[in-house]
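Q: I would like a close look at a single part of this structure, explained in connected prose. The sequence and model are shown here, and my request follows them.

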Amino acid sequence: MSTVDAATRKKSDSDVAIVPRSETEELISGSEAIAHAVRLADVDVITAYPIRPYDTVMQYVSKMVADGALDCEFIVAESEHSQFEIVKHASAVGARVFVGSSGVGWFYAFEALAVTAGLRLPMVAMVGNRALDDPGAFGVEHNDALAVRDLGWMLSWVSTAQEALDTALIAYRVAEDPRVFLPCAISCDGAFLTHSQAMVKVPSQAMVDGFLPRYERGDKRLHPDNPITIAPQVNEDWLMEMRRQSDQAARRARDVLIEAYDDFNAKFGRGGEPFIERYMMEDAEVALVGMGTMAMPVKVAVRKMREQGKKVGFVRVRWFRPFPTPELQEALARVHAVGVIDRDFSFGSAFFSGVLANDLRAALYPARNRPKILSFIAGLGGREVSTNNVIEMTKTVFDAASGAGSDGQDSYWVGVRG
Amino acid sequence: MATGSVEVVYRGIFQKNLAKNICRGVVFAARKEGKIGIAFGRYSDSPERNGIPAKQFAVVADTEEEMEEYLSRYEPENNDVTIVADDTLCKGLESWGWNGLQPINKLLKAGGTLLVTSTRSANSLIRDIHRKGAPYNLAIVKGPASFSGMWVYKDDHSDVRLLGALAKVAPHIVSLDSIVAAINEPKKNDLKAASAKQAYDLVASMEVDANQGNDAVPLKFELPGWTEMEECLVIRGRDVKQEVPGWEGGFVPGRNPTFRKFSTRTMRPVIDFDTCTKCGFCWLQCPDTSFDVAPDGYYDANMEACCGCGICEAVCPVEKCITMVNEEAFTDNQSQWQMWSKDKKGYAAWRSEKTSAQPARSHGFHHVGQYAEEIADEHR
């Protein structure tokens, strides 16, 4: 079966009316949840190359293929560079693709990552977040996925296995929307999400078919019946206009994401707000901001501090690209100080802060009410961020809010041995 | 407070499914009681490696909020029960590199239960288990280290037997009824349910005093601060020669002082220096460079470097010169060459005692076809 056939064999079903909700509950890890989404999206071409923690997804997907639950081309490449190149080409001919990696494996594919976004191919990837070698380390850091933040990739961070499954389905719908045609990476924290099993609602095929239309590349599909050239050599004569188009696509992705979440919420009865999750923010005087499974200790800490009457809230950034600028401006408009907890680093950057803190400062600079923004670097290499760590950080944020503490022109390393 | 948590300590890779099945069983049984549960592996070293000490955890709670405390942790402390799927792990484990040796009962809460699958006596296990400093209980489910759950291995019901025993020693986490109900889903399985019930009936636990057990101080490292660490990822080697008096003229490789993995070992080589021809095959083939060259040219397996793979035994051309013996037979890591050079007669007696009465090997087979023989023995 050629990939072209594979891409055209599905019936068009985007207009199907709402299907009754029918889901099974399964005890699965975040990686297995992603594999279920891949199965339900009926992906055509999948490439794999092992690296921990992403390799768990590849194990689950290959088992599904072996069990006959998923009919696709499953190719084990000889390196990550080829792994991503193969799906890039498959995507160009109209195949729905899935791929993934972790840490320096993702970096080994970097050339392919750049051209995929440049070619406007809707590749969906899972990044099992892992510290960049050296030194060899398995634990989570966000710098791997964040490295593509300027290239046109959409980037999402999830905090539960359920959210991983749901977000992967949404990712296909948004990435493959002709208004967008951009690749999308779903980041799952290594260990805490990829290797942890919880009960997950796995929707029926009919439900997913009612939400996720087929991938139609239309007259941009590379095919003998549709003679086109893609990826020509251009120079100063064309390139800037092409970049502007990508910029426009990244802008349009916002609206398409909102549409997709609206529809997902209607059809699945969950999904929440598209870009951010607000936790106890209604009357918050200070806020913490973070991504991924960091949400767990932060929420526990927020509840403990609330019990003591401290008005603190939490905003979890679900999509880093497109960056939720209006949502964050609105959500943080009433707080006096913000503590951004980055599970990443940006050595030598402004105030030596984390990547999220730097982007958040930029987003809030033109806001009418500008809270103080403090940057905390925590949990690198998978180090646990404890509830007490979060409570300590929050005290520093309250001090800044009162005007007595930091003016925000520095960053704090939390949980590092002195 | 969560209702409870269970730690399952096992050896990768062959016991990975067993550990996973136990933890999934806890979660499914807890759901029968309207509680919620999660299961996760101790992440860091790879359980895909043969013999590596590894862990799974199951956590049971009444609400999602309670559960959240456990959702981004590596190792919950104060577990209600620690299940040990291979009794050689009672000596402790250090699979995650730089943290030293973790006593098997370290993450068990005071008054909790250490549940071990073993054919050994309680006293023999307590000899190996480090003193906890607080009283706890020891319960034994009779049986060898099982590979149950691995598709090519016989299913000896180790998972459900441990779950049945768990319901006895920690009924507040899951009841036997819930365990049986979970076993019978999605398909009724009377045999497995009977195994769980039998283990529930048979398991007995005894109290272990705070100061009972192995009094050795577990290997521990000082973790340096960022201002104390050497820059550029440099780790200085340990010049072992300086530490071994009487070794002048021999060769001991410089080893990373903070990276020892000997709890991966389930058996160790016992060497007959009287028949050794000094051919050097063991030294050459050892994947962990664990053989030191003694001043007289013999090869001494360093027990702080040996992972117990048995390659030296396999490549040794002299019959019965190197014999792999279950770790159960040893209480320390002393140098066999030094024992031998001090007292050759005494060493011969020691060696003969270790190699003749050696207990069954754990986590590995001695020769091709051994498993088939074991199965045949059981059917006889």
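How many Å separate the centres of domain 1 of chain B and domain 2 of chain B, taken over C-alpha atoms? Please take chain B as the part to examine, and add what helps to place it beside chain A.

A: The model is a predicted one, and in it the centres of domain 1 and domain 2 of chain B, taken over C-alpha atoms, are separated by 35 Å. Domain 1 of chain B covers residues 4-208, while domain 2 of chain B is made of two segments, 240-257 and 267-356. Where these domains touch, five residues of domain 1 of chain B are in contact with five residues of domain 2 of chain B. On the domain 1 side, the touching residues comprise three charged and two polar ones, with no nonpolar residue.

Some backbone details of chain B deserve attention as well. The peptide bond between B:Glu185 and B:Pro186 is cis, with omega about 0°, and B:Pro186 sits in the loop that lies between α5 (176-183) and α6 (190-202) of chain B. B:Asn78, a residue other than glycine, has a positive phi near 55°; B:Asn78 belongs to the loop between α2 (64-68) and β4 (79-84) of chain B, and it counts as exposed because it has 12 C-beta neighbours inside 10 Å. B:Lys320, likewise not a glycine, has a positive phi near 60° and is placed in the loop between α8 (311-315) and β11 (322-326) of chain B. With 11 other C-beta atoms within 10 Å, B:Lys320 is therefore exposed.

For chain A, the sheet is a useful point of reference. Its six strands form an open, mixed sheet in the order β9-β11-β10-β13-β14-β15 of chain A, with β9 (276-279) and β15 (411-414) of chain A as the edge strands, each pairing on one side only. Neighbouring strands in this sheet are turned by 25° against each other on average, direction ignored. Within the sheet, β10 (residues 286-290) and β13 (residues 337-342) of chain A run parallel and are joined by four bridges, and A:Leu288 has A:Gly339 in β13(A) as its bridge partner. Helix α13 (residues 355-364) of chain A packs on the sheet, touching β10, β11, β13 and β14 of chain A, and its direction makes about 145° with that of β13(A). Helix α14 (residues 387-401) of chain A lies across β10, β11, β13, β14 and β15 of chain A, also running at about 145° to β13(A).

Conventions: Residues numbered from 1 in each chain as written. Chains lettered and ligands numbered in written order. Predicted model: local features only at pLDDT ≥ 70, side-chain atom pairs only at ≥ 80, totals over all residues. Pairing = 2+ DSSP bridges. Helix = DSSP H or I, 4+ residues; strand = E, 2+ residues; numbered from the N terminus. Axes fitted to C-alpha atoms, helices over the stretch in contact; angles between N-to-C directions. Contact = placed C-beta atoms within 7 Å. Domains from an automatic or database assignment. Nonpolar A, V, L, I, M, F, W, Y, C, P; charged D, E, K, R; others polar. Buried ≥ 20, exposed ≤ 12 C-beta atoms within 10 Å, placed from the backbone.
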